[in-house]
Amino acid sequence: RLRSDSTSSSESQGSRSKTILRQRLSELMTCIEDMSSDDEAGEEVSRTLDEAFQLCARLLPTDAFLYMVTWNVATAEPLEDVASLLQLNDQPSIDLYVILQEVNATPVRFISDLIAEDSWSHLFMDTLGPKGFVTSVRMQGLLLLVFAKMMHLPFIRNIQTTYTRTGIFGYWQGNKGAVSVRLSFYGHMMCFLNCHLAAHMHNALQRVDEFEYILETQDFDIFDTPHVLDHVVFWFGDLNFRIEDHGLHFVRSSINGGRLNLLWSKDQMMKKKEPFLQEFDEGPLNFKPTYKFDRKADSYDSSKKRKPAWTDRILWRIKPKSLPSEEDDDDDEKASTSPDDGQEEYPIMVTQNTYTSVMSYGVSDHKPVIGNFTLELRKYFDTQLVDLAPVGEWSADQNALLTYTILEDFMSSTWDWIGLYKVGFKSASDYETFVWVRENELPEVNEVIELQKSVVKDDLPLLSGEYVLGYYSTNLNSIVGLSDNFQILESKRAAMEGLVSKDINGVDK
């Protein structure tokens, strides 16, 4: 079901950008004509050209690549290798990974910090750690992980998570429900919504009702985007929609004969006409149904009790300007592509490059589904909020010194902290050591604060390695500034104690 080109751009934005650029180039020509000496002209031309090029960079869209995985693994133990699932060696390289795992759960676990005990989390963190871990949240049996390249971390802000339980008469049915994470990516508000909806063929209407309930009840503490549908939304998970009407034999013969198109019209998701569902886009189902398989096999349920179905899905939605009226029911493209006022100046376009399943993984009765997207966007900002730098050489033989500068005003807090991270760190809490930003050290914009002896030598690593400093904002729930990578030298104590660096997967440990 690919109903429209999911674009939120406009001709007015392009013409406005060209006008600004013409003005800057006109200023450049004026500067050249007015300069009285070659030295003055060269300096002024260089400065104006630099400003023009910076403006061009802001006006031109940037591509970011998003890779999503949804997979119901139930009670299965983690694999030894997920590199092929994540296509780590493919080009272009991925900027964001969003991974959903349906994992085994205990009755008391339904949210957040118990994620550290989950073996699937460790597997993906160990695999993707060098790309920089952003955030995570866990509902009972639902695991949602978001990773980003380290270079993007200062521009991923206002991270918030929430969850919704669903069940009969308000009672929670195990791992049924939804968990979501919202964030700002270079100023674009995005929400990743993972759902596990009611099972069984006859519950199609209940699935729709549950999703509508989830959309109505989930909210965030963000004044201008408090609801899921205020964002660019990626909706995915074990949505449990089935193939109606056709019998088991017809479904299997259509799959085996490569005639998947014969099944599309009977897919419960495609048959639903609710307006809020019609706002979501999905790529064509040109891959085999991903449920139900015999474990460790590529054959469908040998008990012959379950018809194959596309239960595992990835959809997306660009925020429309307004909901369609009854007169506009036939104009679906208009509802999906109209931008709001802010998006006219800073548009975003979502293009799906790949939508498929990976049949080679057999630890579950579900096969993983992957979606690869290009996010073409203009950045609202491209400057991190805080600039940090180490001062002088760092080693555990002496106390360390660092400086930081607030580049833009934001809600800093005495609960903010500056962490020392080894390059390849897995999460904001995966620091070697940290220092608090104290009340008398909260600077004004562009004021440099020098923290003398802020990191005592006993807290520094003894062995040499490549590190980075990161400023963590408690109010924004994210790292808002990173230093350049720098070396910590091996200390004299390391040699005295006979310590030796070990290289594991290309990273010194």
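## Close-up views of a predicted model

**Figure 1. Asparagine 158 in strand β6.** Asparagine 158 counts as partly exposed, because its relative accessibility is 23% (buried means under 20% relative accessible area, exposed over 50%, partly exposed in between, with a 1.4 Å probe and protein chains only). This is a predicted model, in which local features need pLDDT of at least 70 and side-chain atom pairs count only at pLDDT 80 or more, while totals for chains, interfaces and linings use all residues. Residues are numbered from 1 along each chain as its sequence is written, and side-chain values use heavy atoms, with hydrogens and water left out. Strand β6, residues 156–165, holds asparagine 158 (helices, H or I with at least four residues, and strands, E with at least two, are DSSP runs numbered from the N terminus). The phi of asparagine 158 is positive, near 50 degrees, in a residue other than glycine.

**Figure 2. The whole protein, for orientation.** The protein contains twelve helices and 23 strands. It has 509 residues, of which 51% count as buried. Among contacts with a separation of 6 or more, 71% are between residues 24 or more positions apart (contact means heavy atoms within 4.5 Å). The exposed area is about 23,800 Å², and carbon and sulfur atoms supply 49% of it (Shrake-Rupley method with a 1.4 Å probe; for residues, only the protein chains shown count as cover).

**Figure 3. Strand β9 and its two partners, β8 and β10.** Seven of the seven residues of β9, residues 232–238, are buried. With β8, residues 188–196, β9 pairs in the parallel sense over seven bridges (two strands pair if DSSP finds at least two bridges between them). Within this pairing, phenylalanine 236 of β9 stands opposite asparagine 194. With β10, residues 312–317, the pairing of β9 is antiparallel and runs over six bridges. Here glycine 237 has arginine 313 in β10 as its bridge partner. In a regular strand, side chains alternate between the two faces of the sheet.

**Figure 4. Helix α5 in the β8-α5-β9 unit.** Helix α5, residues 204–217, joins β8 and β9 in a right-handed β-α-β unit (right-handed if, with the strands pointing away from the viewer, the path from the first strand over the helix to the second runs clockwise). The 14 residues of α5 reach 20 Å from first C-alpha to last, close to the 20 Å expected at 1.5 Å a residue (the expected span is 1.5 Å times one less than the number of residues). Buried in α5 are Ala204, Arg207, Val208, Glu210, Phe211, Ile214 and Leu215. Seen down the axis of α5, these buried residues fall within an arc of 160 degrees, so they line one face of the helix (the arc is that of the directions from the helix axis to the C-beta atoms). Leu205 and Glu216 are exposed on the other side of α5. The cover over the buried residues of α5 includes β6, β7 (177–185), β8, β9, α8 (268–271) and α9.

**Figure 5. Helix α6 and the glycine after it.** In α6, residues 248–256, the buried residues are Val251, Arg252, Ser254 and Ile255. They cover an arc of only 160 degrees around the axis, which puts them on the same side of α6. His249 and Asn256 are exposed on the other side of α6. The buried residues of α6 pack against α7 (261–264). Glycine 258, which follows α6, has a positive phi near 75 degrees.

**Figure 6. The loop between α9 and β10.** A cis peptide bond joins tyrosine 291 and lysine 292, with omega about 5 degrees. Lysine 292 is in the loop between α9 (275–278) and β10. Lysine 296 is found in the loop between α9 and β10 as well. The phi of lysine 296 is positive, about 55 degrees, although this residue is not a glycine. Lysine 296 is exposed, because its relative accessible area is 77%.

**Figure 7. Asparagine 372 in strand β12.** Asparagine 372 lies in β12, residues 369–377. This asparagine 372 counts as buried, because its relative accessibility is 13%. Leaving aside neighbours within four places in sequence, asparagine 372 is in contact with Leu66, Tyr67, Ile94, Thr351, Gln352, Asn353 and Thr354.

**Figure 8. Methionine 151 in the loop between β5 and β6.** Methionine 151 lies between β5 (142–148) and β6. Methionine 151 counts as exposed, because its relative accessibility is 55%. From C-alpha to C-alpha, methionine 151 and lysine 131 are 8.6 Å apart in space, and they are 20 residues apart in sequence.
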